[in-house]
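Please open the model in a viewer and keep the sequence alongside. The tour below proceeds by selections.

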Amino acid sequence: QEDLEALIAEFQNLDAKKTQVIESSCPPPSPRLNGSLSAHPEKDELILFGGEYFNGQKTYLYNELYVYNIRKNSWSKVEIPNPPPRRCAHQAAVVPTAGGQLWVFGGEFASPNGEQFYHYKDLWVLHLATKTWEQIKASGGPSGRSGHRMVACKRQLIIFGGFHESARDYIYYNDVYAFNLDSFTWSKLAPSGIGPAPRSGCQMATTPEGGIIIYGGYSKQRIKKDVDKGTLHTDMFLLKTEGAGREEDKWAWGRLNPSGVKPTPRSGFSIAIGPNNRSLLFGGVHDEEEEESIEGDFFNDIYFYDIGKNRWFPGQLKGPKSEKRKRRRGRQGEAEGAGDEEMEKQPPQGPVEIVKEVVAEDGTVMTIKQVISGPAEEKERSESEEDEEDGALGQQVEPCPRSNAMLAVKHGVLYVYGGMFEVGDRQFTLSDLYSIDLHKMEEWKVLVEMDPKAQEWLEESESDEEEDDMEGAEGGEEEEESSEEESEDAGGEEQHPSVQPDEKHADYLSRTEQYWIKLARSNMGPDAKEKKVVKVAHAMAKTFYEDSV
């Protein structure tokens, strides 16, 4: 712990040498996860602060402040004197006071080898109008923690849960604290009723009446020496106040039993508040925990929770509107209402090529191309076929499955930045940026692209790394790794064997296995081991099968 405090102090000394605000345009930020992305309350901007990056050997923590200009699709870096020390897994909340304030509480700092953690309990405010950081020193606040959740609710910041980890032990919290934004004082709430079990990484949202909703989260318990059992929580609670948001108000926990389709169990999901009184959850991971290893299924889906109706439902992409209109017109020959927007030009009727990357369990990355024939014989199609094709065309671009991404909503548009996924023992950290209009739910747009395969990954070395690199990297050289260069699939234009109606995955695989093995072999070269080729072939076949059904 002393080492980490010395390291943090050293970083703060470096930061203290900055005396003026420097704003400079810059390329998109380097890959990271567990930072915070917040919508500016007055401007069309998103504010990214903090986060972490792991390259296989070393953990880097950040405290830079980046601003994304939505209209210009451009980034700038804002260097402000005396910022909070580097951290990740903190919380940030925006309030509209005095031109906008960004409040930051807690989070963690990790040693470069990722084995020691320091948990912060400090509270900071970034004054957006004057571009100044201020540390607010008030006693009686929460203990040091990360993975907690914080929301602004009626002139208060409310903090719930989180965890603290030391070399020997860990603890998860379910306490609730309120920070009054007028008196700048902390109070610990003592709600009546039975509340959530201790957890971190839950969903926390406010209701229009000033209540707080908690859903899900993760915690672990030690079941025997050196063996921990993780729990994915899927329960839901409402914390409500009897009064008008004053400190002496009585708070009470109640259990919520929502209707609809709840998210599948997961941890590491990201959360935001959408339009129409809905909170949303994106992505995450479901880990299959064995005693020794963890295998994860990562997600890129959206679930909405309608706060007024107490109901969950999955976000479904509708596909671009103009496509649907044209198809309907082509099929039925009907004139549409004059209120419709002008028709766009007819797209070329040629085939549409969808390129998918498949990552086998051992980290081998393959590219497969799927060619969908053009929308020609429209008159004979049934409604369901039309919908399916809309889906296929509408999903050409989407964020890859990931956990620990950063989300923000501005003008009803959801922005998803960064995060990570794992393949075997390797972690891919992302720096891409996607958006989707939550009112229309038509299609994802990619604003910043990234090729995760280009990322450096250093295998753990036996000797402990020297920890003299105080500065921390900006994210490592992104050189293409020779082991993962793929030869362009020369037969990319040909169509893969199609899935027959009602054909099961096992039947499809046994019928087409030799085709996929041949394709995998041509991509991987003559030296690849047969077992590996078969594994990749099966992964490609599975991806193609799942995309087709």
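Select Y53 first: this residue is buried, its relative accessible area being 0%, where buried means under 20% relative accessible area, exposed over 50% and partly exposed in between (1.4 Å probe, protein chains only). Add Y60, which is also buried at 9% relative accessibility. The model is predicted, so local features need pLDDT of at least 70 and side-chain atom pairs count only at pLDDT 80 or more, while totals for chains, interfaces and linings use all residues. Residues are numbered from 1 along each chain as its sequence is written, and side-chain values use heavy atoms, with hydrogens and water left out.

**Aromatic rings**

Keep both tyrosines displayed. The whole structure holds 27 aromatic pairs, a pair being rings of Phe, Tyr and Trp (its six-membered ring) whose centres lie within 6.5 Å, with planes under 30 degrees apart counted as stacked, over 60 as edge-to-face and the rest as tilted. Y53 and Y60 make a stacked pair, with 6.1 Å from centre to centre and 20 degrees between the planes.

Next, select W103, F105, Y177, F179, F184 and W186, which together form one aromatic cluster.

Then turn to R87 and Y120: R87 lies over the face of the Y120 ring, 4.0 Å from the ring centre. A charge sits over a ring if NZ of Lys or CZ of Arg is within 6 Å of the ring centre and within 35 degrees of the ring normal. Another such place is Y173, where the charged end of R145 sits over the ring at 4.1 Å from its centre.

**An open sheet**

Switch to a cartoon view, with strands taken as DSSP runs (E, at least two residues) numbered from the N terminus. Five strands make an open, antiparallel sheet in the order 1-7-6-3-2; two strands pair if DSSP finds at least two bridges between them. Its edges are strand 1 (22-26) and strand 2 (36-39), each of which pairs on one side only. Ignoring direction, neighbouring strands of this sheet are turned by 25 degrees against each other on average, the axes being lines fitted to C-alpha atoms and angles running from 0 to 180 degrees between N-to-C directions.

At one edge, select strand 1 with strand 7 (residues 74-79): the two pair in the antiparallel sense over 5 bridges, and I22 stands opposite E79.

At the other edge, strand 2 pairs with strand 3 (residues 45-49), antiparallel and over 4 bridges. These two strands form a hairpin with 5 residues between them. A39 has L46 of strand 3 as its bridge partner. Which way do the residues of strand 2 point? S36 and S38 point one way, L37 and A39 the other way, and all are buried.

**Salt bridges**

Finally, display the charged side chains. There are 13 salt bridges in the whole structure, each defined by a side-chain nitrogen of Lys or Arg within 4 Å of a carboxyl oxygen of Asp or Glu.

Select D228 and R222, whose side chains meet in a salt bridge at 3.0 Å, N to O. D228 is partly exposed at 29% relative accessibility, and R222 is partly exposed at 41%.

Move to R266 and D301, a salt bridge with its closest N and O atoms 2.7 Å apart. R266 is in the loop between strand 20 (259-260) and strand 21 (270-274), whereas D301 is in strand 23 (residues 294-306), 35 residues apart. R266 is buried at 2% relative accessibility, whereas D301 is partly exposed at 24%.

End at R278 and D306, where the closest N and O atoms of the salt bridge are 3.8 Å apart. R278 belongs to strand 22 (residues 278-289) and D306 to strand 23, so the pair ties together parts 28 residues apart in sequence. R278 is partly exposed at 23% relative accessibility, and D306 is buried at 8%.
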